[in-house]
Amino acid sequence: MSSMTFDPLVRGLQTVLDLRIAQHGLTASNLANADTPGYRAKVIDFEHVLAQAVDEPSAMRRTDPRHLEAGGATATDPLVVELDPAPWSVDGNSVLPERETARMSSNALMYEAVAKGLDHKLDLLRFAVTDGKA
């Protein structure tokens with residue numbers, strides 16, 4: 001989703017929607033590979049991405065051009081984590097269909113909530129642009 005306004009909140013919400021779409025694709029792929037021997041389920045590390053998005057004080061910053069770039073994922077290129085298989089997994093597959101369907105439902109709810117927030121923000125901008133006229 002390209003940036004359509006100068007508002008950092010709108011850009012942030014767009015980024016969250018993009019991440020939720022990416023997670024949905026990963027979860028669908030995990031479910032499609034539930035019977036593939038050796039397949040490892042993949043998830044986006046939302047905590048890591050969100051921590052970088054809010055720029056936690058503990059996050060490393062490049063303060064001098066001679067410094068090396070700090071490694072890590074960004075909101076546009078999130079860290080995808082491969083889950084280890086359960087100890088009882090005979091074929092090394094780490095997909096648990098129940099967990100993946102719960103993740104998909106949770107992700108869909110989060111997507112819907114953020115989309116409603118973005119819609120509300122855009123309604124406010126629309127109201128301001130039209131000077132309060134419908």
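## The chain as a whole

Let's start with the surface: the chain exposes about 9100 Å², and 61% of that comes from carbon and sulfur atoms. Keep in mind that this is a predicted model.

As for secondary structure, there are 3 helices and 2 strands, and going along the sequence they come in the order α-β-α-β-α. Of the 134 residues in the chain, 21% are buried. Take the contacts with a separation of 6 or more, and 71% of them turn out to join residues 24 or more positions apart.

## Zooming in on N107

Now for a single residue. N107 sits in helix α3, which covers residues 97–129. Is N107 buried or exposed? Its relative accessible area is just 4%, so N107 counts as buried, the cut-off being under 20%.

## Who N107 meets

Leaving aside residues up to four places away in sequence, N107 touches R20, Q23, H24 and F46. R20 also has a polar atom to offer: its backbone oxygen lies 2.8 Å from a polar atom of the N107 side chain, and that distance falls within the 3.5 Å limit for a polar contact.

T27 is another residue to look at from here. T27 and N107 are 80 residues apart along the chain, and their C-alpha atoms are separated by 9.4 Å.

## Pulling it together

So what does the picture around N107 look like? We have a buried residue in helix α3, with R20, Q23, H24 and F46 among its contacts and the backbone oxygen of R20 lying 2.8 Å from a polar atom of its side chain.

Note on methods. Residues numbered from 1 in each chain as written. Predicted model: local features only at pLDDT ≥ 70, side-chain atom pairs only at ≥ 80, totals over all residues. Heavy atoms only, no water. Helix = DSSP H or I, 4+ residues; strand = E, 2+ residues; numbered from the N terminus. Buried < 20%, exposed > 50% of the residue type's maximum accessible area, 1.4 Å probe, protein only. Contact = heavy atoms within 4.5 Å. Polar contact = N/O pair within 3.5 Å; in protein donor to acceptor, adjacent residues only side chain to side chain. Areas by Shrake-Rupley, 256 points an atom, 1.4 Å probe, with all protein chains shown as cover.
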